[in-house]
Amino acid sequence: MTEPTAAPDKSSKVYLQIDRLTKKFGTFVALDSVSLEVYEGEFICFLGPSGCGKTTLLRAIAGLDIQTSGTVRQADVDISALPPFERDFGIVFQSYALFPNLTAERNIAFGLENQKLDKSAVTKRVNELLELVGLPDQGPKYPAQLSGGQQQRIALARALATSPGLLLLDEPLSALDAKVRGHLRHEMKTLQRRLGVTTVMVTHDQEEALTMADRIVVMNQGVIEQVGTPTEIYREPDTLFVADFIGAMNQVEGRVNDDNSVSIGELSFKSRSHGLSREAPVVAAIRPEDIVPEGIGDYSSQDSSAENSLEAEIEDMEFLGSFWRVSLKNSALGGANLIADLSINATRRLEVDTGSTIRVKLPADRLWIFPPAGSA
């Protein structure tokens, strides 16, 4: 993950304002009164599962699918009813959408030529962009002669050719293999920072969103579940959906004892404050890396009571390179297993192995309590 990104300064200028946007396809509601502000120069990601409405929202911003109701304002101008060619944006599609019969340089020049620019100015701009995306010698080649990563860079250069105020990216890296994708997302983020262009990207890849975005918009069933920095979305989820969708998360059924306590099976645990009614059924959630093996390090928390400490048998172990993912079993948990991520050093020092028993702590400040999925 990249270094933490601060939330936009409230003094920053709002560049894109979406207000109560609704999009219906017949009786199906793809977007349900979505409102959002995007700040000037910000890199924002729409993240969510297939069918959540993220691509529909991007297409509404571009004017490719006009909304049923609501407004879109860009740079203080209402663009809600404008056709795409009258809006100020560049777009990169998942399929690249390069013209196969045009060379890379002619693809980049396409929008500039439509603006009736001088030929020498077009050539100069195309060369600048080829240099910018690291392909100064690839201009004469046709798309079929380029690798997937090179085609994506040409598509990005074409989108940036007319110096748009807004850059829209629709799953731009999903067609590439993992190694190229990891390299390109770093390059794209670096380029976006250098140019300062306001950017909106659609992705279903949580790692992509966490590493590239200044802020993430998590969407589900046509509504926004949460907006925040990558750190906020990961460490401070507002809902069970966000907690489950971003990263790995243990989810265990329980019942409320009081505002900061929950019962799981026969055991009681202190938790984050949740405001749910006593005896209400809940889902207790904690990330695997937040389960702390006792005897390793000096984790400090206000919660040092035995209520959040338990012995557990290691039922299974999975080696994931930099850490071990272990399955922990304790019959008092009511049949639920916990998944914990233990560092290589921790497993070595504790002599952890399948069938052995260790004591772990579930820190109260990392134990989240949510209403069950589907409850009001």
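Here are some worked exercises on the predicted model shown above.

**Exercise 1: Confidence**

Task: Find out which element has the lowest mean pLDDT and which has the highest, and where pLDDT stays under 50.

Solution: Start with the whole protein. The average pLDDT is 90, and 93% of the residues score at least 70. Next, go through the elements. Helix α9 (residues 344-349) comes out lowest with a mean of 88, while strand β3 (residues 43-47) comes out highest with 98. Finally, look for the weak stretches. One covers residues 1-7, where pLDDT stays under 50. Another covers residues 297-304, again with pLDDT under 50. For residues 297-304, the model has 11 contacts beyond four places in sequence.

**Exercise 2: The nonpolar cores**

Task: Work out which residues touch the most other members of the largest nonpolar core, and which helix gives the most to this core.

Solution: The largest core has 44 residues. Ile108, Ile154, Leu156, Leu169, Ile216 and Ile246 are the ones touching the most other members. Helix α4 (residues 148-160) is the top contributor to this core, giving 6 residues. Now zoom in on Ile108. Skip its neighbours within four places in sequence, and you find contacts with Val126, Leu129, Leu130, Ile154, Ala157, Arg158 and Ala161. There's also a second, separate core of 27 residues, and its members include Phe269, Val282, Leu310 and Leu342.

**Exercise 3: Aromatic pairs**

Task: Say how Phe241 and Phe245 are arranged, then do the same for Phe319 and Trp324.

Solution: You need two values, because a pair of aromatic rings is described by the distance of the centres and the angle of the planes. The whole structure holds 4 aromatic pairs. In the pair Phe241 and Phe245, the centres are 5.6 Å apart and the planes differ by 10 degrees. Planes under 30 degrees apart count as stacked, and Phe241 and Phe245 are indeed a stacked pair. Both sit in helix α8 (residues 240-245), 4 residues apart, or about one turn of the helix.

Now the accessible areas. Buried means under 20%. Phe245 has a relative accessible area of 19%, so Phe245 is buried. Phe241 has 22%, so Phe241 is partly exposed.

On to Phe319 and Trp324: the centres are 5.0 Å apart with 50 degrees between the planes, and the pair is tilted. Phe319 is partly exposed at 49% relative accessibility, and Trp324 is partly exposed at 25%.

**Exercise 4: A sheet and a charge over a ring**

Task: Give the strand order of the open sheet of 4 strands, then place Lys23.

Solution: The order is β2-β1-β4-β5, and the pairing is antiparallel. β2 (28-39) and β5 (77-78) are the edge strands, each pairing on one side only. Between β1 (residues 14-25) and β2 there are 8 bridges. Lys23 stands opposite Leu31 in β2. The charged end of Lys23 sits over the ring of Phe25, 5.0 Å from the ring centre. Another charge sits over a ring elsewhere: the charged end of Arg158 is over Phe99, 5.4 Å from the ring centre.

**Exercise 5: Helix α1**

Task: Decide how many residues of helix α1 are buried and what follows the helix.

Solution: Helix α1 (residues 54-62) is mostly covered, with 7 of its 9 residues buried. The buried ones are Lys54, Thr56, Leu57, Leu58, Ala60, Ile61 and Ala62. After α1 comes Gly63, with a positive phi near 85 degrees.

Notes
Residues numbered from 1 in each chain as written. Predicted model: local features only at pLDDT ≥ 70, side-chain atom pairs only at ≥ 80, totals over all residues. Heavy atoms only, no water. pLDDT = per-residue confidence, 0-100. Helix = DSSP H or I, 4+ residues; strand = E, 2+ residues; numbered from the N terminus. Contact = heavy atoms within 4.5 Å. Core = buried A, V, L, I, M, F, W, Y, C linked by side-chain atoms within 4.5 Å. Buried < 20%, exposed > 50% of the residue type's maximum accessible area, 1.4 Å probe, protein only. Phe/Tyr/Trp six-rings, centres within 6.5 Å; stacked < 30°, edge-to-face > 60°. Lys NZ or Arg CZ within 6 Å of the ring centre and 35° of its normal. Pairing = 2+ DSSP bridges.
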